[in-house]
Amino acid sequence: VEKLARYFMRTFKDNQLGKKGVNIKESLGSDLQTLTENNSFRFPSTFTFIFRAFASVDGVAKELDPEFDIGKEAQPFVEKFIDTQKGYGSDADKKFSIFRKAT
């Protein structure tokens with residue numbers, strides 16, 4: 001699980017920096033498969049359904065447009081969701097909060 005979280009954090013960071021990410025199947029696929037086959041770890045059913053849905057959307061979209069990047073497309077929605085969860089009323093509130101944490 002930790003490796004999966006590190007992968008997603010690294011991918012998000014690389015996208016922010018404009019770097020090309022590594023394929024998840026190449027970097028984590030075999031590890032996740034081993035975990036689930038050994039019954040060491042079970043994904044919650046909702047996670048499995050959501051992951052399948054994203055994988056399907058990503059696959060279809062890449063067939064239509066090889067340059068499609070689901071992370072880039074989802075980023076504005078994820079940022080808005082996070083901002084809502086953190087209670088930022090405006091962009092200024094968000095920047096002030098970040099500045100306050102940095103100092």
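Modeller: A patch, as the word is used here, is made of residues with over 30% relative accessible area and no salt bridge, nonpolar side chains being joined within 5 Å. The structure above is a predicted model.

Biologist: Which residues form a nonpolar patch on the surface?

Modeller: A residue needs over 30% relative accessible area to enter a patch, and V78, which has its place in helix 4 (residues 70-86), counts as partly exposed because its relative accessibility is 39%. Together the residues of this nonpolar patch have about 270 Å² of accessible area, and they are V78, F81 and I82.

Biologist: What is the order of the elements of the chain, from the N terminus on?

Modeller: The chain has five helices, and the number of its strands is zero. Read from the N terminus on, the order of the elements is therefore the one that DSSP runs numbered from that end would give, namely α-α-α-α-α.

Biologist: Which residue forms a salt bridge with D83, and where does the partner lie?

Modeller: Side chains of opposite charge can pair when their charged atoms come close. For D83 the closest N and O atoms of the pair are 3.5 Å apart, which falls within the 4 Å that a salt bridge allows. The pair links distant parts of the chain, eleven residues apart, with D83 in helix 4 and the partner in helix 5 (residues 91-102); that partner is K94.

Biologist: How many residues apart are D91 and K95, whose side chains meet in a salt bridge?

Modeller: The N to O distance between the side chains of D91 and K95 is 3.3 Å, and the count of salt bridges in the model comes to two. D91 counts as partly exposed because its relative accessibility is 47%, whereas K95 is exposed because its relative accessible area is 53%. Both residues lie in helix 5, about one turn of the helix from each other, which is a spacing of four residues.

Biologist: Is S97 buried or exposed?

Modeller: S97 lies in helix 5, and its side chain makes a polar contact, at 3.5 Å, with the side chain of Y88. Buried means under 20% relative accessible area, and because the value for S97 is 8%, this residue counts as buried.

Biologist: What share of the contacts with a separation of 6 or more comes from residues 24 or more positions apart?

Modeller: Of the 103 residues of the chain, 14% count as buried, and the chain exposes about 8700 Å², of which carbon and sulfur atoms supply 60%. Among contacts with a separation of 6 or more, residues 24 or more positions apart account for 38%.

Conventions
Residues numbered from 1 in each chain as written. Predicted model: local features only at pLDDT ≥ 70, side-chain atom pairs only at ≥ 80, totals over all residues. Heavy atoms only, no water. Patch = residues over 30% accessible without salt bridge, like charges linked within 9 Å, V, L, I, M, F, W, Y side chains within 5 Å. Areas by Shrake-Rupley, 256 points an atom, 1.4 Å probe, with all protein chains shown as cover. Helix = DSSP H or I, 4+ residues; strand = E, 2+ residues; numbered from the N terminus. Buried < 20%, exposed > 50% of the residue type's maximum accessible area, 1.4 Å probe, protein only. Contact = heavy atoms within 4.5 Å. Polar contact = N/O pair within 3.5 Å; in protein donor to acceptor, adjacent residues only side chain to side chain.
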